[in-house]
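Let's take a walk through this structure, starting with its sheets and ending out on the surface. Keep the 3D view open as you read.

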Amino acid sequence: MNFLFPPAATLQNSLERRLMGISALAVTLSSLILTLSPAVRLHTFQVGYRWLHWIGWAGWLVLFSLAYRLLNRQFEEHDPYLLPLTSLLSGWGLVTIYRLDESLGYRQTLWLSVGIILLILISRYPRVFIWLRRYKYLWLTIGLLLTGLTFLLGTYPAGEGPRLWLGCCGLYFQPSEPLKLLLVVYLAAYLAERIPFHFRLPELLAPTLIMTASAALMLVLQRDLGAATLILGIYTFVIFLASGRRRILIISGLFLLAAALAGTLVFDVIRLRIETWLNPWADPVNRSFQVVQSLISVAAGRLLGTGIGLGSPGLVPVAHSDFIAAAIAEETGLAGILGLIALFALLTYRCIGISLAARTTFQRFLSAGIGIYFAIQAILIMGGNLRLLPLTGVTLPFVSYGGSSLVTSFIAVGMLLWASQPHTQPPLPIQQPRAYTWVTALFLAGFAALAAIAGWWSIVRADNLLARPDNNRWMVNLRFVPRGDLLDRRSERIATTTGERGSLDRVLLYPPLGNTIGYINPRFGKAGLEASLDGYLSGLQGNPASRIWLAELMYSQPPDGLDVRLSLDLELQRVADGLMENHRGAVVLLNARSGEILTIASHPSYDPNQLDDRYLEWLNNPAAPFVNRATQGQYPTATIVGPFLYAYLSEKGSLPVLPLNLSYIHDNQMLTCARPPRTPLSLETAIEVGCPAALVEMSRSISTAQMRELFTALGFFSAPEIRLDVAPPSQADQLTSSRLASIGKSAVKVTPLQMAQAAAALTNNGSRPSPRLAVSVETPHQGRVILPSGSPVVVFGNEQSVSAAVNRLASQDFPIWQAVSAQQYDSTTYTWFIGGTLPQWGGTPLAVAIVLEENNPQLAQTIGETLLQNALQPLKP
């Protein structure tokens, strides 16, 4: 440390030396943490470490060591806080920029070199200040002309954007940055000439207001509204320090308010920024995207941050420049952002202190103006990041990427170092001490407000912000944290994670289940069980709180995900998918007692493994492969409700006589049986093939109100409680006639899952089970934990009556009951099949519902019988 920052005899030097050592230690530790961050993120030391930022660190250390040595040789007594403060801020910013974009880190290192060299030159050659003071109008005019040139020759280094820069061939500078400092120099020089002789306010305002207004107007026309606000703020506070008139602050505040209101009417950019500030949640995907992502980034840091190199600050647009405070907050937490605010508050306080101790009027206003410049710019940009203020396009001094801003800031520090030198004459008397008190208090209040709002977002509102659907940090975890597997009831993998940490990939091993399993994709988000079970699969649910906390503390990641066992039977699922191939429709087979879904097929389907390549193709496909027809497809009930009416009337003891004609005419449309009924002909065999006249005859024995009650008990008017997206259920008031409902001509529509639940009530002695798809989760400490399920609903109260009715509906060839229906609606014919085991069946009670978007009763019956026949074999656990 002595080699880098050698000691000297003065007390100021001793303090500065210790502070420079602390700064060097902080930046070195940050660089070391950044180097080791890949090992932490990947949980192994066999990684590629980050080394390139050490080039910036070495340059930073050498440059500030040189500046320290030369300054202490030239000025033995100068402010001991300025160089350590600026070294820590610039070093912190440099490490952050390297962390975000190493190519920008190289450029920032070069600009840092230019800035420190100019700092040394300005502080060593005080004659520069004589030229600046004497030719104040010339320098400000040159600044205005350079700014004006951007109207003709302006460019945007990144391509498309505001043309606020001059230059070419990779070398650019923004004239508005030195213009701010030139305005401070101009005001200090002008006031130094006028204050001792003429203290009348009009004489102070006249020429200064014209020059300042010219600069602000030019920036407004450029749409550089942040710089324009900063120019007006500098002018207001400097004039207030000179005059002590509080009405200047009031008038300027009212003017800025009026300008903001007028700007919302004239400039779209101002209106959008004001609207974004007032309500960023209205359009978080487009207009408010940057602000909302900035707040989420702050929330992700919480108290201590994710750790340098372990967060995801790159998800915030322009994180290296406008939103670098949010990037720092994410990886260093509330502690880091409070430290950043404290550094700027201390820098402002030291500038005001140098101003009060100044030996000349020019030094006094120059130091105060620079302090105002730093304070306003820091409050503006950090306030925009934290939604304390509308977003402005200014940079964070010393920290943000940007050569123009960095060089200008170091030139300003060089001026401060010159102004802080001791002189033989005593300090000037303070003519407006209360004005200095007011300005200091206002800025400290601004920094305190920043600290309070940072605590609000990072602690109080953190959980709400991180739970937002537009928080995309799960995308990063998807690459680095193994996700839990989805298993069928026999522990066969359905979905798994492949690859190594850092390049993990989610794979669906059985693609026909794409509609049900869904996907988790960085481009398209989450769907299906991958979305509803995300808490367990991502490791954030089911793990002990201590394990989650430890993983977040050590790696800034959740622990490895947990495996979830589903009720699906892949052997039966393959049978169903094979039978449904090249047909549109859905199949649901479930355990009629427990509600466990054994098979859920939706066709056509899609393969989540090919989502990136075929998303638009599937999205525009008229067959709608993204729709899970089992839970989201809504179909007319047709005459498939016959078994339910039969069981209901059997319980009531009011079964009708079979009509002679089994067809029925409705609205000039002849409705017929799905298939010829088997002989001997009976009410039961007519119901088995969905003969409409038989159902109409039964509807005469049931009122519309009773039909509503039956449909309600069957679950046709309620959404199934399942971890999948389901269609909104029909409403009871859509059933206006028991006759129309019996032949499916009411407005009531149901999903195959709802129909399978209803069919289960006939098999399960009149009780409708709640569907169940996710059965258990494999936890690290408790083993297999059974997931909760819904409660069954009694549909038919008399078990003996419903059992007898179902036995009378028994199939002739298999120990099952079944019914089929086919009717045309609009231009499409829908075929239903429902069935299940008989009540006396000693094995697992089963119920199935099948719908085909075609007129094909034979296929529907074949699918149903084949699936039930395979399932009648004892199901393995």
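What you have on screen is a predicted model. Let's begin with an open sheet of six strands, whose pairing is mixed and whose order reads β5-β4-β3-β8-β16-β17. At its two edges sit β5 (505-508) and β17 (783-786), and each of these pairs on one side only. Look at the β5 edge: strand β4 (residues 493-498) runs antiparallel to β5, and four bridges join the two. If you'd like a spot to zoom in on there, T498 stands opposite D505 in β5.

Now move over to another open sheet, this one of five strands. Its order is β10-β9-β21-β20-β19, and its pairing is antiparallel. Here the edges belong to β10 and β19 (816-825); each has a single partner strand, so one side of each is left without a neighbour in the sheet. From one strand to the next, the twist averages 5°. Inside this sheet, take strand β20 (residues 828-837) and strand β21 (residues 846-852), which pair in the antiparallel sense over six bridges. Along that pairing, G835 faces V848 in β21.

What lies across these strands? Helix α32 (residues 857-871) does: it lies across β9, β10, β19, β20 and β21. Relative to β21, helix α32 runs at about 155°.

Stay with this sheet a moment longer and follow the chain from β9 (585-591) to β10 (597-603); the loop between them holds A592. Is A592 buried or exposed? Its relative accessibility is 0%, and since anything under 20% counts as buried, A592 is buried. Its contacts show what surrounds it: leaving out residues up to four places away in sequence, A592 touches A760, T763, N764, P769, P845, L846 and A847. One of these, L846, belongs to the range of strand β21 (residues 846-852). A592 also sits 8.7 Å from A756, C-alpha to C-alpha, although the two are 164 residues apart in sequence.

Next, the backbone has a few places worth a stop. Most residues other than glycine have a negative phi, and most peptide bonds are trans. With that in mind, click on the bond from H603 to P604: it is cis, with omega near 0°. P604 is in the loop between β10 and α24 (611-619). Another cis peptide bond joins T679 and P680, where omega is about 0°. This proline, P680, is in the loop between β13 (669-671) and α26 (683-688).

Then there are the positive phi values. R302 isn't a glycine, yet its phi is near 50°. You'll find R302 in the loop between α12 (289-301) and α13 (324-356), and its relative accessible area of 35% makes it partly exposed. N765 isn't a glycine either, and its phi is a positive value of about 55°. The loop that holds N765 runs between α30 (752-763) and β15 (767-768). N765, too, is partly exposed, at 27% relative accessibility.

Now for a helix that is mostly hidden. Of the eleven residues of helix α25 (residues 642-652), nine are buried, so the helix is largely enclosed by the rest of the structure. The buried ones are G642, P643, F644, L645, Y646, A647, Y648, L649 and S650. Just after α25 comes G653, with a positive phi of about 70°.

Finally, come out to the surface. Which residues form a nonpolar patch there? They are I130, W131, Y135, L138, I142, L146, L149, L152, L153 and F173, and together they have about 910 Å² of accessible area. The elements that give two or more residues to this patch are α5 (127-134) and α6 (136-153), and the most come from α6, with six. An α-helix has 3.6 residues a turn, so residues three or four places apart point the same way. For a single example, pick L138, which is in helix α6 and counts as partly exposed at 46% relative accessibility.

Notes. Residues numbered from 1 in each chain as written. Predicted model: local features only at pLDDT ≥ 70, side-chain atom pairs only at ≥ 80, totals over all residues. Heavy atoms only, no water. Patch = residues over 30% accessible without salt bridge, like charges linked within 9 Å, V, L, I, M, F, W, Y side chains within 5 Å. Areas by Shrake-Rupley, 256 points an atom, 1.4 Å probe, with all protein chains shown as cover. Salt bridge = Lys/Arg side-chain N within 4 Å of Asp/Glu carboxyl O. Buried < 20%, exposed > 50% of the residue type's maximum accessible area, 1.4 Å probe, protein only. Contact = heavy atoms within 4.5 Å. Pairing = 2+ DSSP bridges. Axes fitted to C-alpha atoms, helices over the stretch in contact; angles between N-to-C directions.
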